[in-house]
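Reader: Could you walk me through this structure and tell me what stands behind the labels people put on it?
Author: Gladly, let us take it piece by piece.

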Amino acid sequence: MPPTREPFRPQRLRLTELPNGAAGRVCELVGQVEVCQRLREMGVGESIIIERISGQGTLLCQVSNTRLALSEGAAQHIVVELIRSARP
Amino acid sequence: MALPSHIAAPPTASPAARAPVYALVGNPNCGKSTLFNALTGLKQKVGNYPGVTVEKKVGTTYSQHGQPITVIDLPGTYSLAARSPDEAVTRDVLLGRRSDTAQPDRVLCIVDAANLERNLYLVHQILDLGRPVIVVLNMMDLAVQAGLNIRVARLEKELGIPVIACEAVNGKGLVELRLAMSRPDLPLARHAWGVPAPIAPAVSEIAASLVENDLKLPLIARAEALLLLTDQDSVRVSGSVPLSARTTEILQSWQKRWAAEGTDWAGILVNSRYEAIGNLATEVVLRAGTVGPTASDKIDAVVTHPVWGWLVLGVVMTLLFVSIFTLAQAPMDWIGTHTALLADWVKGHMPAGDLRDLITDGAIGGVGSIVTFLPQIMILFFFIGLLESTGYMARAAFIMDRLMSRVGLNGKSFIPLLSSYACAIPGIMATRTIEDAKDRLVTILVAPLMSCSARLPVYLLMIAALLPNDRVSLVAKVGIMLLMYTLGTAGAFGFAWLFKRTLLKGAPPLMIMELPPYRLPGVRDVLLQMLERAGIFLRRAGTVILGISIVLWFLAAYPKAPAGATPTQQLAQSFAGRAGHALEPVIKPLGFDWQIGIGLISSFAAREVFVSTMGVVFNAESSEENTAPLRDALKAARWPDGRVLFTPLVCLSLMIFYVFAMQCMSTIAVVRRETNSWRWPLFQTLYMTGTAWILTFIVYQTGRALGF
C-alpha cells in the first residue's frame with residue numbers, strides 16, 4: 001500500500017507570534033466578542049490577508065490598503081496561518 | 001456628454017417644499033470634515049448634543065437654485081454598532097432615537113475610495129435604514145495611486161443610488177455633489193441583502209416587537225433589529241430613547257439561545273455583510289497589479305521606527321513647545337496691555353466706586369487673565385490640527401502606546417495629555433476620542449497634573465525668589481523648571497497606574513487604530529478647527545471665570561477697611577484675608593503663612609492669579625514678565641517672629657504644591673461637563689490637593705529636619 005501523505009497544514013499562530021515582515025491569512029478571531037466584532041468591522045475578518053510590518057508590543061500591520069496599529073491585547077485576538085515568511 | 005441620470009433629472013419640487021436635511025456620515029479619516037467645510041464654508045454652528053459631550057455641527061449649503069440645505073456633520077464611525085459616546089450619537093441620530101435632533105431626511109455617505117470595501121460596511125448598514133442615500137467616493141486620487149480603478153457608473157448601477165466621485169481637498173466633484181443634493185427625488189437603494197438564515201427569525205421577531213412596542217416604522221425596525229444584535233456593549237447616551245422592556249426581553253432570549261448553541265450571531269452578521277460587499281467590490285474595483293511601497297510606506301519606515309520614531313517624536317514635541325512659548329509671547333503681551341488699557345479707559349469714564357472696581361478689577365481683570373492664554377491655546381490647536389491633518393498624530397499615538405500601556409492607558413490618551421501641557425481644558429475636551437469609558441475617565445482625572453502654562457508664572461516667580469542672584473546660571477533655573485514638569489508628568493502617570501489598578505479597574509487597554517496615509521495638511525480646515533476650539537474655550541472658560549472673578553473680587557473688597565487704608569490693609573481685613581488667617585493652621589506645616597493663604601485661595605480661579613495676589617498682598621507693583629520688584633518684596637517678607645518667610649525651602653514647597661494642587665475652577669467646570677456629575681471633579685480636587693499637601697509637607701518637613 002502506498003504511504004498516505006499528510007495533508008499540508010499551514011502553521012497557525014497568533015498575530016503577536018508572527019514575525020515582523022511576514023504575512024498571514026486570518027483563520028479565526030478569538031477572545032472578547034466586542035474586540036472581535038470591531039476587528040471584523042474594520043476589515044480584519046476571517047480569510048483576510050494581514051501583514052505585520054513592524055513593532056514590538058504594539059504592532060503596525062497592513063490589511064489591503066489600510067494601515068492599522070494594534071496593541072498587543074488586540075493582536076492576541078487574531079489567529080493567522082502563515083502564508084509568507086519575513087522578507088530577508 | 002450626457003449627464004448621469006440623477007444629475008440631469010429636472011427639479012420638480014414645489015417651492016414651498018421644505019429643503020431636506022442631510023446627515024453627513026463616514027469612517028474616521030475619510031475626509032468628512034474637509035467635505036463638510038467645503039460644502040458649508042463658514043456657515044457652521046457648533047454646539048453640543050444636550051446631556052452628552054459630543055459636538056453637534058450643523059451647517060448650511062445651497063442647492064443649485066440657491067435654496068438652503070441643512071447638513072448635520074455626524075461623528076466619524078466605522079460601524080453603527082457604537083463603541084464610544086461619539087459613535088452612539090451618530091447611531092442615534094440616524095435611527096431617529098434622539099429627541100433633540102429629528103431623523104435626517106437624507107444621508108450623505110462619504111467613502112474613502114482607496115479603502116472601498118471597509119468603508120462600504122458602514123454604507124451597507126446605512127442602506128438598511130431605507131432613507132435616500134448619496135454615496136460620495138472621496139480621495140479618488142489616492143485610489144488611483146494605490147493602483148485601483150473604481151468603476152463609478154457600475155457602483156451606481158449596482159446600488160441604484162447616486163455615487164459621486166470626488167476629491168474634497170481640491171474641490172473636485174463638489175458641483176456634481178451639489179446637483180445631486182438638489183434633486184427633489186432621490187431613489188432608494190437596490191439593497192437586496194438577505195439576513196443570514198440562522199438569525200433571520202430573530203431579526204423578524206425583534207423587528208415586529210420594535211414596531212409594536214417601540215412604535216418604530218417597519219423599515220427602521222428591521223435596521224434596528226440588525227443593529228441590536230451587533231450592539232455589543234450598547235453604549236447608551238442620555239437624550240436617547242431607551243428600548244421597551246418587551247423588545248429587550250426578546251433580544252435577550254435569542255442571545256441566550258444562541259449562546260447555548262454556540263452560534264456567534266454578531267460574527268455571522270458582520271461576515272455576511274462583508275461577503276455581500278466583497279461580491280460588489282469584485283464587480284466595481286479593478287486592480288491594476290501591485291504597486292511598490294508608497295510614499296506613506298517610506299515615511300512610516302522612519303517615523304514608526306523603534307529608534308528614529310522616538311527621535312522624530314522628540315523633535316516634533318520640542319518644536320511644538322518652543323512655538324507655544326515663543327510665538328504666543330507677543331499676542332499675550334498685546335492682550336495683557338489692552339486689557340489693562342480697557343480697565344484704565346473704564347476707570348477714566350466712570351465715577352470711582354465699587355461698581356467701577358467690580359468692572360475693572362473683577363470682570364476685566366479676571367476674564368483678561370484667562371483670555372491671555374488664548375494665543376497659546378490657539379497655537380496648540382493649530383499644531384494639533386496640523387499633525388492630525390498630515391496623519392502624523394496617529395503615528396505619535398502608535399509610538400506612545402507601548403509606554404502608555406505600562407500604566408494601563410492606551411496611545412489615544414497621549415494627545416489629551418500632551419494638550420494639557422498648554423491647558424487642561426482642551427486636553428480634557430480631547431479625551432472624547434477614547435473609546436473605553438474607564439480609560440477616558442482616568443485620562444481626565446490625571447490630565448490636570450501635566451504642568452499647564454498657567455503654572456509658569458508661579459514657577460517663574462518662585463524660581464526668581466529661590467535663586468535671586470541674577471548671576472545664577474540659566475541652567476539651574478531651567479533645571480528647576482524641568483524638574484517641576486517632570487514631577488507633574490510622573491504624577492500623572494503614577495496616578496493613572498494607581499487608578500487603573502484600584503478605582504477604575506478594567507481590562508488591559510486595547511488599541512485598534514487606523515493610520516491614515518500621509519497628506520499635505522488642509523490649512524483651511526486646520527484654521528477653521530482652531531477658531532472653533534478657541535470659541536468653545538472662550539465661552540466655557542470665560543463664563544466660569546467671569547463668575548468666579550466677581551466672587552473673588554467681592555471677597556477681597558469686602559468688608560471695607562476704614563478710609564485711607566492701603567490696598568494691602570484692605571486685603572488683610574477682607575473676607576479673603578480672614579479666610580487666609582483661617583487657613584493658616586492647615587498650611588503652616590507646609591511653611592506657608594496667612595498671606596500665602598490668600599494667594600492660594602484667590603488662585604483657585606486660575607493659578608497665575610497667585611502672582612498678582614502676591615503683588616497686592618506685599619504691596620509691590622509687578623507684572624508676570626518682570627518679577628524683580630515683587631521678588632524683592634517677597635525677600636523682605638517676614639513671619640511675625642522675624643524669620644524670613646520666603647526661604648528657598650518655602651519657594652520649592654510652593655512650587656511642588658502648585659504642581660499637584662487642583663487650583664483651577666475652569667478645569668473643575670469642564671470635568672463636571674465631561675463626566676456629567678459632580679462626583680468626579682470633587683474627587684479630582686480632593687485627590688490632587690490632598691497629594692499636593694502631603695508631598696509639600698514631606699518636602700518642607702524633611703528640608704527643615706535637614707537644616708534648610
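Author: Let us start with a yardstick: the expected span of a helix is 1.5 Å times one less than its number of residues. Please keep in mind that this is a predicted model.

Reader: How do you know that the length of α17(B) agrees with what a helix should span?
Author: The 15 residues of α17(B) should span 21 Å, and its end C-alpha atoms are 23 Å apart, which agrees. The helix α17(B) also bends, by about 45° at B:Met400. After the helix comes B:Gly408, which has a positive phi near 90°.

Reader: What makes α17(B) largely enclosed by the rest of the structure?
Author: A residue is buried if 20 or more other C-beta atoms lie within 10 Å of its own. In α17(B), 12 of the 15 residues are buried, so the helix is largely enclosed by the rest of the structure. Among the buried residues are B:Tyr392, B:Phe398, B:Met400 and B:Ser405, and B:Arg395 and B:Asp401 are on the list too.

Reader: Why does B:Thr566 count as exposed?
Author: The cut-off for exposed is 12 or fewer C-beta atoms within 10 Å. B:Thr566 has 11 such neighbours, so it counts as exposed. You will find B:Thr566 in the loop between α23 (523-557) and α24 (567-573) of chain B. The C-alpha atom of B:Thr566 is 9.8 Å from that of B:Val616, 50 residues apart along the chain.

Reader: Why is strand β1 of chain B called mostly covered?
Author: The same test of 20 or more neighbours applies to a buried residue, and 5 of the 6 residues of β1(B), residues 21-26, pass as buried.

Reader: What makes β1(B) a paired strand, and which strands are its partners?
Author: Pairing needs at least two bridges between two strands. With β4(B), residues 68-73, β1(B) has 4 bridges in the parallel sense, and B:Ala23 has B:Ile72 as its bridge partner there. With β5(B), residues 106-112, β1(B) has 5 bridges, again in the parallel sense. In that pairing B:Leu24 is matched with B:Leu108.

Reader: How do you know that strands pair between chain A and chain B?
Author: Again the requirement is at least two bridges, and β5 of chain A, residues 66-70, shares 4 bridges with β10(B) in the antiparallel sense. One place to look is A:Arg67, which stands opposite B:Leu515 in β10(B).

Reader: What makes two residues count as in contact, and how many of chain B touch chain A?
Author: Their C-beta atoms must lie within 7 Å, and by that rule 33 residues of chain B are in contact with 26 residues of chain A. On the chain B side, α4 (116-127), α11 (265-284), α17 (392-406) and β10 (512-515) each supply at least two residues. The largest share, 5 residues, comes from α11(B). By class, that side has 16 nonpolar, 10 polar and 7 charged residues.

Reader: What is chain A built from?
Author: Chain A has 2 helices and 6 strands, which run β-β-α-β-β-β-α-β from the N terminus on. Its C-alpha trace spans about 50 × 35 × 20 Å along the principal axes. Of the 88 residues in chain A, 44% are buried.

Reader: And which domains is chain B divided into?
Author: Chain B is divided into domain 1 (5-182), domain 2 (197-287) and domain 3 (545-705). The centres of domain 2 and domain 3 of chain B are separated by 57 Å, taken over C-alpha atoms.

Key
Residues are numbered from 1 along each chain as its sequence is written. Chains are lettered from A and ligands numbered from 1 in the order in which they are written. This is a predicted model: local features need pLDDT of at least 70, side-chain atom pairs count only at pLDDT 80 or more; totals for chains, interfaces and linings use all residues. Ala, Val, Leu, Ile, Met, Phe, Trp, Tyr, Cys and Pro count as nonpolar, Asp, Glu, Lys and Arg as charged, and the others, Gly among them, as polar. Domain bounds come from an automatic or database domain assignment. The bend at a residue is the angle between axes fitted to the seven residues ending there and the seven starting there.
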